[in-house]
Amino acid sequence: MKHKIVNEIALFAAFLFFGFLILPFAIYVVGGVVFGDYSGGYGQFFGRMSRGLVDGHWPTWFLVLSPYLLVQIVRLSLLGLRRTR
């Protein structure tokens with residue numbers, strides 16, 4: 001049981017890292033290609049995102065947690081499929 005909890009915490013930490021650092025950078029780069037440069041550069045973009053987290057802005061929290069939430073949705077769906085067979 002303890003091993004499963006440690007694995008889940010590690011999974012959450014990995015996806016939180018991805019959602020907080022890698023995903024916003026990808027959004028910034030793709031947004032720059034599609035819409036043009038963000039005024040203020042990546043530093044201001046990341047700063048506004050960080051401020052959204054501190055302020056409890058739910059879309060920002062959803063963005064950061066979305067990789068982990070997606071994995072959990074897939075896991076629950078697969079669990080449901082296994083139980084119906």
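## Exercises on a three-helix model

Arg85 sits in the segment after helix H3 (58–84). Keep in mind as you work that this is a predicted model.

**Exercise 1.** Find out whether Arg85 is buried or exposed, and how many Å separate its C-alpha atom from that of Leu23.

*Solution.*
- Step 1: Look at the accessibility. Arg85 has a relative accessible area of 83%. The cut-off for exposed is over 50%, so Arg85 is exposed.
- Step 2: Go along the chain. Arg85 and Leu23 are 62 residues apart.
- Step 3: Now go through space. The C-alpha atoms of Arg85 and Leu23 are separated by 36 Å.

**Exercise 2.** Work out which secondary structure the protein has, and whether it is compact or spread out.

*Solution.*
- Step 1: Count the elements. You get three helices and zero strands. Along the sequence, that reads α-α-α.
- Step 2: Check the radius of gyration. The protein comes out at 16 Å, while the globule rule gives 12 Å for 85 residues. The value is well over the rule, so the protein is more spread out than a compact globule.
- Step 3: Picture the box. The C-alpha atoms fill roughly 50 × 30 × 20 Å along the principal axes.
- Step 4: Add burial. Of the 85 residues, 15% count as buried.
- Step 5: Add the contacts. Taking those with a separation of 6 or more, 58% are between residues 24 or more positions apart.

**Exercise 3.** Find the two salt bridges and say which helices their residues belong to.

*Solution.*
- Step 1: Start with Arg75 and Glu8. Their closest N and O atoms are 3.0 Å apart. The cut-off is 4 Å, so this pair counts as a salt bridge.
- Step 2: Place the partners. Arg75 is in helix H3 and Glu8 in helix H1, 67 residues apart, and the pair links distant parts of the chain.
- Step 3: Check their exposure. Arg75 is partly exposed at 38% relative accessibility, and Glu8 is partly exposed at 23%.
- Step 4: Move on to Arg51 and Asp55, whose side chains meet at 3.2 Å, N to O. Both are in helix H2 (residues 41–55), and because they are four residues apart there, about one helical turn separates them.
- Step 5: Check exposure again. Arg51 is partly exposed at 47%, whereas Asp55 is exposed at 53%.

**Exercise 4.** Describe how the rings of Tyr38 and Phe45 are arranged, and name the residues of the aromatic cluster.

*Solution.*
- Step 1: Recall what you need. A ring pair is described by the distance of the centres and the angle of the planes.
- Step 2: Search the whole structure, and eight aromatic pairs turn up. One of them is Tyr38 with Phe45, at 5.4 Å centre to centre and 80° between the planes.
- Step 3: Classify the pair. An angle over 60 degrees counts as edge-to-face, so that is the label for Tyr38 and Phe45.
- Step 4: Check burial. Tyr38 is partly exposed at 28%, while Phe45 counts as buried at 17%.
- Step 5: Name the cluster. Phe20, Phe25, Tyr28, Tyr38, Tyr42, Phe45 and Phe46 form it.

**Exercise 5.** Which residues form a nonpolar patch on the surface?

*Solution.*
- Step 1: List the members. They are Phe25, Val29, Val30, Val33, Val34 and Phe35, with about 660 Å² of accessible area together.
- Step 2: Zoom in on Phe35. This residue is in helix H1 (residues 2–35) and is exposed, with a relative accessible area of 76%.
- Step 3: Zoom out. The accessible surface of the protein is about 6,600 Å², and 73% of this belongs to carbon and sulfur atoms.

Key. Residues are numbered from 1 along each chain as its sequence is written. This is a predicted model: local features need pLDDT of at least 70, side-chain atom pairs count only at pLDDT 80 or more; totals for chains, interfaces and linings use all residues. Side-chain values use heavy atoms; hydrogens and water are left out. Rings of Phe, Tyr and Trp (its six-membered ring) pair if their centres lie within 6.5 Å; planes under 30 degrees apart count as stacked, over 60 as edge-to-face and the rest as tilted. Buried means under 20% relative accessible area, exposed over 50%, partly exposed in between (1.4 Å probe, protein chains only). Helices (H or I, at least four residues) and strands (E, at least two) are DSSP runs, numbered from the N terminus. The radius of gyration is taken over C-alpha atoms; the globule rule is 2.2 Å times the number of residues to the power 0.38. Contact means heavy atoms within 4.5 Å. Accessible areas come from the Shrake-Rupley method with a 1.4 Å probe; for residues, only the protein chains shown count as cover. Patches are made of residues with over 30% relative accessible area and no salt bridge: like charges are joined within 9 Å, nonpolar side chains (Val, Leu, Ile, Met, Phe, Trp, Tyr) within 5 Å.
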